[in-house]
Structures are given as structure tokens and as C-alpha cells.
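Visitor: I have a structure to look at. Could you walk me through the reasoning behind its labels?

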Amino acid sequence: MKIGIVCYPTFGGSGVVATELGKALAAKGHQVHFITYSQPFRLETFTPNIFYHEVVVTDYPLFEYQPYELVLSSRLVDVVRNEKLDLLHVHYAIPHASAAYMAQQILKEEGIDIPFITTLHGTDITLVGRDESFEPVITFTINKSNAVTAVSESLKEDTFRYFHVKREIDVIPNFICPNDYGQARSNCQRQMFAPAGERIMVHVSNFRKVKRVEDVLLVFDKVRQQVPTKLILVGDGPERHNIERLCRELNTCNDIHSLGKVQNPAEILSIGDLFILPSETESFGLSALEAMASYMPVISTNTGGLPEVNINGITGFTSDVGDIEDMAKNAIHILKDETTLQQFKARAREQAMKFDIRVILPVYEELYERVTHKKLITA
Ligand code: GMT
């Protein structure tokens with residue numbers, strides 16, 4: 001099958017999911033065309049069956065805001081027409097679903113029937129999309145998509161709660177490639193960050209308000225008073241200055257390693273003992289799943305789809321948003337005793353295996369067959 005994938009190519013869970021899905025489809029013999037404004041960051045060059053079509057928006061003095069969505073629609077029309085695509089799969093509703101709908105309508109005039117699937121990832125529903133400046137268009141395009149998927153049961157429920165949607169939504173969760181995570185690392189790598197054998201906590205995010213990175217520091221401050229621990233922060237974003245200020249106030253900077261944006265966090269995750277994700281809202285929590293696949297238990301909030309991934313008391317703990325005391329107490333419980341830590345680590349990896357790409361990929365393929373009315377033929 002020839003599949004066009006549209007996503008945000010820069011750092012972010014939706015782009016990672018779209019790229020890894022495209023790579024897995026290509027490895028099975030499908031032809032995959034990425035249509036994005038820059039090359040997806042996890043896409044290696046020279047991969048068989050993968051093609052990349054850049055969406056270039058040219059500047060014009062009249063425009064205060066560049067009409068990216070129109071350029072994307074035109075590019076979709078061009079790629080579908082010339083590459084003879086069977087299907088478009090757009091990740092993140094804004095503005096990809098409406099661009100796909102526009103392309104579909106244009107192509108219909110030419111007698112070309114191109115179905116499109118919209119995958120909802122989270123903030124396109126829970127934060128940005130439900131804002132009244134977007135809501136009518138999001139509602140319309142969700143209803144007009146040939147199929148819609150959400151990455152968790154919680155996100156599906158939120159979609160029905162916030163939008164006038166009266167259609168079926170398939171839940172297809174985020175996934176991991178197990179072999180990419182959990183490789184044993186030498187002690188040297190751990191020693192770089194924890195020279196006296198301290199425990200290692202890790203947080204990975206885009207440092208937006210919704211991630212509550214300040215809570216990471218507040219929890220860490222309490223943990224390190226009970227158990228010698230270092231904290232590794234991976235990522236960057238608008239909250240970084242607040243975080244730097246808070247670590248100075250708490251006098252914890254010497255125990256924190258801020259690595260900034262890391263293309264593939266698997267190496268860092270493999271040396272960690274405990275992952276922390278205290279988000280205000282989180283439709284799934286791909287970073288938590290990647291951590292669990294790396295044998296790391298997770299301290300998270302109980303918001304959104306997180307309890308579908310991190311099982312309270314088994315693979316880590318889930319607490320109310322902002323409950324620093326509870327998160328710190330749970331983290332200390334896991335970290336202070338070696339046997340307890342090893343039990344949580346093993347169960348975290350076991351749970352992550354339920355989200356193995358080999359389980360999830362056929363679910364997407366079945367959906368593609370349903371939408372295109374074609375039997376998949378792969379190499
Ligand atoms: O977490 C972010 O802010 C990035 C965002 C994205 O769209 O890239 O992530 C969302 O999609 C991921 C992949 O489906 C989910 O694992 C994240 O939980 C979700 N983020 C939020 O809901 C805040």
C-alpha cells in the first residue's frame with residue numbers, strides 16, 4: 001500500500017509515533033511518503049520504501065502569518081496525484097486534518113478518491129483544539145475523517161466530551177520497539193552522572209507548562225534528602241528559565257544534569273532508576289512508556305491516559321496533579337530498597353511489552369484495509 005504520513009517533524013511524541021510507524025510500515029514493504037515541513041528527526045536517510053516530500057512555505061510581505069495549511073493541502077494534492085497514494089494518515093488534528101480534508105475535496109473533482117485517517121494525540125484535543133478559535137474546524141474535520149484514532153481511552157472520552165463528535169473512534173495506543181530500549185550499559189556511563197553510586201531519576205519532556213517540570217524539582221528535592229540521588233533532565237522549552245531559577249533557590253543544581261534536547265533518549269533512559277512525569281494532562285505519556293521499556297518504574301500523575309500506561313503500585317505510582325508529598329513518598333519507597341527497586345523495574349518492562357510495535361502495527365494495518373477497502377500486499 002502507498003501511504004502518505006503528515007506529522008510535526010520536530011521534537012514531540014506525535015512526530016515520534018508517526019515516524020516510527022512509517023518506518024515499521026516501510027520495513028514490512030509498504031511505500032511510505034512523509035509530507036512535512038522538515039525531515040522528521042527520527043527518520044534516517046536512505047531507508048528503503050521511505051520517501052520525503054518537503055512542504056515549503058514561501059515568504060510574502062503581505063502575509064503577517066504564513067498560510068502553511070494551504071501550502072500543505074496543495075502539497076498533499078500533488079503527492080497523492082503523482083505518487084498514486086492509497087491513503088493519507090495525518091497525526092495531530094491541527095491543522096493536518098483540515099488540510100487533508102481540503103486535499104481530498106480537490107482530488108474528488110479530478111475523480112481521485114483518497115481517504116484520510118486522523119490520529120488524535122492529546123493537546124490537539126485537551127488544550128489547543130478545544131479553544132473556541134479552533135473548535136468548529138476540529139469538530140468538522142474529525143467528523144469528516146474516514147477514520148479517527150485516539151492514543152488512549154481517556155483521549156477518546158475527552159474527544160466526545162469537548163467536541164460534538166458522533167462517530168466511531170478507534171483507540172490505538174502509542175508503542176515502542178522493544179529492542180531499541182533496555183540495553184545494558186557499562187557502569188562508566190552511570191558513574192558519569194552518579195559518581196558515588198547514587199540513584200538516578202530522569203525526566204524527559206518539552207518543558208512546557210503542562211509538564212509541571214517545577215514539580216519534578218520539588219519532588220527530587222525531597223527524595224534526595226532521604227536517598228542519595230541525582231536527577232537528569234532531558235529536553236528544553238519555555239519553562240527552562242523557571243527551572244533554573246528554582247534549582248538555584250532549592251540549592252539542588254549540583255545534583256542535576258540538564259542535557260537539553262537529545263535526539264534519541266534511549267541511551268540516557270538505560271542508565272536511570274526512576275522516571276518522573278508529573279504532567280497536568282497527558283493523553284498517553286510516550287516518554288513514560290519509553291522509560292518503562294528501559295526498565296524504569298514511573299512516578300506520574302493520574303491524569304488522562306497515564307493510568308492506562310503506568311499501573312499504580314505495580315509499574316510505579318500515580319498521584320493527584322501537584323501532590324508533591326505523595327510523589328516524593330512513592331519515589332522514596334521505590335528507590336530506598338534494592339529488592340523493591342528491582343521488582344518495580346522488571347514489572348515496568350513487562351508492562352511496556354504490551355505496547356510492542358509488533359502488536360500495534362497490525363491494528364493500524366487492519367484499519368488501513370478497512371478505510372481503503374483494499375487487501376494489504378506487502379513484500
Ligand atoms: O507531550 C507533548 O506536549 C507533545 C505531544 C505531541 O503531540 O507531540 O504529545 C502528545 O502526543 C504523544 C504521542 O501520542 C502522547 O504520548 C503525549 O501524552 C501527548 N501529550 C499530551 O497529551 C500533553
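Guide: This is a predicted model, and we will take the ligand and then the disulfide.

Visitor: What makes a residue part of the shell around the ligand, and how many residues surround it?

Guide: A residue counts if one of its heavy atoms lies within 4 Å. By that test, 17 residues surround the ligand. Ser 14, His 121, Asn 174, Lys 211 and Glu 282 are the closest. The shell divides into four nonpolar, eleven polar and two charged residues.

Visitor: Why is the pair between Asn 174 and the ligand called a polar contact?

Guide: The cut-off is 3.5 Å between N or O atoms. A polar side-chain atom of Asn 174 lies 2.8 Å from an oxygen atom of the ligand, so the pair is a polar contact. Asn 206 also passes, with a side-chain N or O atom 2.9 Å from a ligand oxygen. Phe 284 uses a polar backbone atom, 3.1 Å from an oxygen of the ligand. The ligand alone exposes 480 Å², and the protein buries 93% of that.

Visitor: Where does the ligand lie relative to domain 1 and domain 2?

Guide: Domain 1 (2-175 + 356-372) and domain 2 (178-355) both give residues to the shell, so the ligand lies between them. The space it takes is the largest pocket.

Visitor: How do you know that Cys 247 and Cys 253 form a disulfide?

Guide: The sulfur atoms must lie within 2.5 Å. Here the S to S distance is 2.1 Å, so Cys 247 and Cys 253 qualify. The structure holds one disulfide.

Visitor: Why is the disulfide of Cys 247 and Cys 253 called right-handed?

Guide: The torsion about its S-S bond is about 105 degrees, so it is right-handed.

Methods
Residues numbered from 1 in each chain as written. Predicted model: local features only at pLDDT ≥ 70, side-chain atom pairs only at ≥ 80, totals over all residues. Heavy atoms only, no water. Polar contact = N/O pair within 3.5 Å; in protein donor to acceptor, adjacent residues only side chain to side chain. Areas by Shrake-Rupley, 256 points an atom, 1.4 Å probe, with all protein chains shown as cover. 1 Å grid on protein atoms, 1.4 Å probe; cavity = no way out; pocket = protein on both sides within 12 Å on 5 of 7 lines; lining within 4 Å. Sits in = over half its atoms within 2 Å of the grid points. Nonpolar A, V, L, I, M, F, W, Y, C, P; charged D, E, K, R; others polar. Domains from an automatic or database assignment.
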